[in-house]
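This report goes through a single protein model. It takes up confidence, charged pairs, one polar side chain and some backbone angles.

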Amino acid sequence: MGNIVSNYMPLEDNYWIDLLDKNLDGITDPADKSKIHSLNLACNKIQLLPTDLISLSRLNLIKNNYKDKLPKDILESILTYRNLCVLELSFNFLQSFPYSILSLSNFAALGLEHNKFSSFQVPDQVPNLKQLALSSNEFTEIINVDSFPNLRFLSLDYNRINSLS
């Protein structure tokens, strides 16, 4: 790997880390990782994330050049973020999504705009998801929202949907 951030200054309170567009391949276990509340890693090439960021509620991985599916190591790390509420994966080249992320108990919002999705069908009920952004993908029909009983926002604009039936 190329550029990997491995340590941070000590933190006083929960805080946000912004590493936007730093040409990073990954980050390893930061000091005070229990205090990280939000992590912006947009516009990088992230292939390595720390595990057990127990306070992390928001993760931004927009424009990280993921092709087809989320890398296994990234998925495994995300699944340890038990307080994750918001995940942004827009502007990648994803065609599939690991639905296991939706089982995180606090997970409420998912951004998947500007990818390559043509379907989004989940195997089970997803009671916690409230926002789902799927604009600018390759959908040709409306997704079935029955699996999302608490969904309050669904964005499907700029897809190839030609019928509402």
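The text below describes a predicted model, beginning with its confidence.

**Confidence**

The average pLDDT of the protein is 90, and 90% of the residues score at least 70. Residues 6-11 have a pLDDT below 50, although in the model this stretch has 14 contacts beyond near neighbours in sequence.

**Salt bridges**

The count of salt bridges comes to three. Side chains of opposite charge can pair when their charged atoms come close. The pairs and their N to O distances are listed here.

| Lys | Acidic partner | N to O distance |
|---|---|---|
| Lys33 | Asp29 | 3.4 Å |
| Lys72 | Glu76 | 3.6 Å |
| Lys116 | Glu138 | 4.0 Å |

Glu138 belongs to the loop between E10 and E11, while Lys116 belongs to the loop between strand E9 (109-111) and E10, so this pair ties together parts that are 22 residues apart in sequence. Glu138 is partly exposed, with a relative accessible area of 27%. Lys116 is also partly exposed, at 34% relative accessibility.

The pair of Lys72 and Glu76 sits within one element: both residues lie in helix H1 (residues 72-78), four residues apart, which is about one turn of the helix. Lys72 counts as exposed because its relative accessibility is 60%, and exposed means over 50%. Glu76, with a relative accessible area of 40%, is partly exposed.

In the remaining pair, Lys33 has a relative accessible area of 22% and is partly exposed. Its partner Asp29 is partly exposed as well, with 46%.

**Asn137 and its surroundings**

Is Asn137 buried or exposed? Its relative accessibility is 6%, and a residue under 20% counts as buried, so Asn137 is buried. Asn137 is placed in the loop between strand E10 (131-133) and strand E11 (153-155).

Which backbone atoms lie at polar-contact distance from the side chain of Asn137? One is the backbone nitrogen of Lys116, which the side chain of Asn137 reaches at 3.2 Å. Another is the backbone oxygen of Leu134, 3.0 Å from a polar atom of that side chain. Lys116 thus appears in two settings: its backbone nitrogen is reached by the side chain of Asn137, and Lys116 forms a salt bridge with Glu138.

Leaving aside neighbours within four places in sequence, Asn137 is in contact with Leu112, Glu113, His114, Asn115, Lys116 and Phe117, and also with Tyr158 and Asn159.

**Positive phi angles**

Tyr158, one of the residues in contact with Asn137, has a positive phi of about 60° although it is not a glycine. Tyr158 is found in the segment after E11. With a relative accessibility of 68%, Tyr158 counts as exposed, whereas Asn137 is buried.

Asp68 is another residue other than glycine with a positive phi, here near 65°. Asp68 is found in strand E6 (residues 67-68) and is partly exposed, with a relative accessible area of 42%.

**Cysteines**

How many disulfides does the model contain? The count comes to zero. Cys43 is partly exposed at 27% relative accessibility, and Cys85 is partly exposed at 26%.

Definitions and conventions: Residues are numbered from 1 along each chain as its sequence is written. This is a predicted model: local features need pLDDT of at least 70, side-chain atom pairs count only at pLDDT 80 or more; totals for chains, interfaces and linings use all residues. Side-chain values use heavy atoms; hydrogens and water are left out. pLDDT is the predictor's confidence in each residue, from 0 to 100. Contact means heavy atoms within 4.5 Å. Helices (H or I, at least four residues) and strands (E, at least two) are DSSP runs, numbered from the N terminus. Buried means under 20% relative accessible area, exposed over 50%, partly exposed in between (1.4 Å probe, protein chains only). A polar contact is a pair of N or O atoms within 3.5 Å; within protein, one must be able to donate a hydrogen and the other to accept it, and residues adjacent in sequence count only if both atoms are side-chain atoms. A disulfide is a pair of cysteine sulfur atoms within 2.5 Å. A salt bridge is a side-chain nitrogen of Lys or Arg within 4 Å of a carboxyl oxygen of Asp or Glu.
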